Amino acid sequence: VGYSQISTCIDYIMGDYSRDMVPGSFSKIVDNRFGKIALDFAGAMTDIKPFWNYTTQNKRFEQQAVLGNKLTKHWWTSRLIDLKFCDCIKYAEVAGSGYAHLYYNEYIGDNDCSPEDPRDVLPIRPPNNISLQDAMGLIVRRERPLNYLKDRYPRQWARGLIKADRDMSAAMM
């Protein structure tokens, strides 16, 4: 029933105070308590250290487990992964699900995490509705600027295939 309101609620939680939901006879002043409660809840859920630990039963690999735990702690704190998980929880508060897209970021030379809108994460041939891990693949739909794509795919044949799908920037509208 509320699927059509997901975008409005996510915008409200993320700080874009939509006044479309306020009846016309009321004041347009915004006291975003809804967003504050959502932020407090998401902050409480992510105010933790890394919640996994590497262990081994083989004495020869104990040093690798220790190094893995140190790398995990450094990654969590230096890349601000807890803040990115906080945005995933904000999506889950509204849409019932959030997706933390873990990937290797070649610009920073390290693993990274990106919170994704669950409506933009499309599983390929999922056998069930329980986990994305069981799907054959995953499509993460994302809008990119034209210059990003031309820079990412610099070959001449690819540049000719990349076309804009609208006439002007949204900022000029």
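This is a short tour of one protein chain, with a selection to make at each stop. The model is predicted.

**Stop 1: the whole chain**

Show everything as a cartoon. The chain has six helices and four strands. Follow the sequence from its start, and the pattern reads α-α-α-α-β-β-β-β-α-α. Now switch on the surface. The accessible surface comes to about 13,400 Å². Carbon and sulfur atoms account for 55% of that surface. Of the 173 residues, 21% count as buried. Next, think about contacts between residues at least 6 apart in sequence: 41% of them join residues at least 24 apart.

**Stop 2: helix H2**

Select residues 33-46. This is helix H2, with 14 residues. From first C-alpha to last, H2 reaches 20 Å, close to the 20 Å expected at 1.5 Å a residue.

Which residues of H2 are buried? Colour Gly35, Ala38, Ala42 and Thr46, for these are the buried ones. Turn the view until you look down the axis of H2. The buried residues fall within an arc of 65°, so they line one face of the helix. Now add what covers them. The cover includes helix H1 (6-14) and helix H4 (81-95). Then swing round to the other side of H2. Arg33, Ile37 and Ala44 are exposed there.

**Stop 3: a salt bridge in H2**

The structure holds nine salt bridges. Side chains of opposite charge can pair when their charged atoms come close. We will visit three of the bridges, starting in H2.

Stay on H2 and show Lys36 and Asp40 as sticks. They form a salt bridge, and their closest N and O atoms are 2.9 Å apart. The two residues are four apart in the helix, which separates them by about one helical turn. Are these residues buried or exposed, or something in between? Asp40 is partly exposed, at 41% relative accessible area. Lys36 is also partly exposed, at 48%.

**Stop 4: a salt bridge in H4**

Move to helix H4, one of the helices that cover the buried residues of H2. Select Asp87 and Lys90. Their side chains meet in a salt bridge, 3.7 Å from N to O. Here the partners are three residues apart, again about one helical turn. Asp87 is partly exposed, at 25% relative accessibility. Lys90 has a relative accessible area of 11% and is buried. A residue counts as buried under 20%.

**Stop 5: strands E1 and E2**

Select residues 99-105 for strand E1. Add residues 110-116 for strand E2. The two strands run antiparallel, and seven bridges join them. Pick Ala100 and look across: Pro115 of E2 stands opposite. Now follow the hairpin from E1 to E2. Four residues lie between the strands. Click on Gly109, which takes a positive phi near 70°.

**Stop 6: a salt bridge across the sequence**

Select Glu116 and Arg142. What do their side chains form? They meet in a salt bridge, 2.2 Å from N to O. Glu116 lies in strand E2, while Arg142 sits in the loop between strand E4 (137-140) and helix H5 (146-152). The pair therefore ties together parts that are 26 residues apart in sequence. Check the cover on each partner. Glu116 is buried, at 6% relative accessibility. Arg142 is partly exposed, at 36%.

Methods: Residues numbered from 1 in each chain as written. Predicted model: local features only at pLDDT ≥ 70, side-chain atom pairs only at ≥ 80, totals over all residues. Heavy atoms only, no water. Expected span 1.5 Å × (residues − 1). Buried < 20%, exposed > 50% of the residue type's maximum accessible area, 1.4 Å probe, protein only. Arc of directions from axis to C-beta. Contact = heavy atoms within 4.5 Å. Salt bridge = Lys/Arg side-chain N within 4 Å of Asp/Glu carboxyl O. Pairing = 2+ DSSP bridges. Areas by Shrake-Rupley, 256 points an atom, 1.4 Å probe, with all protein chains shown as cover.
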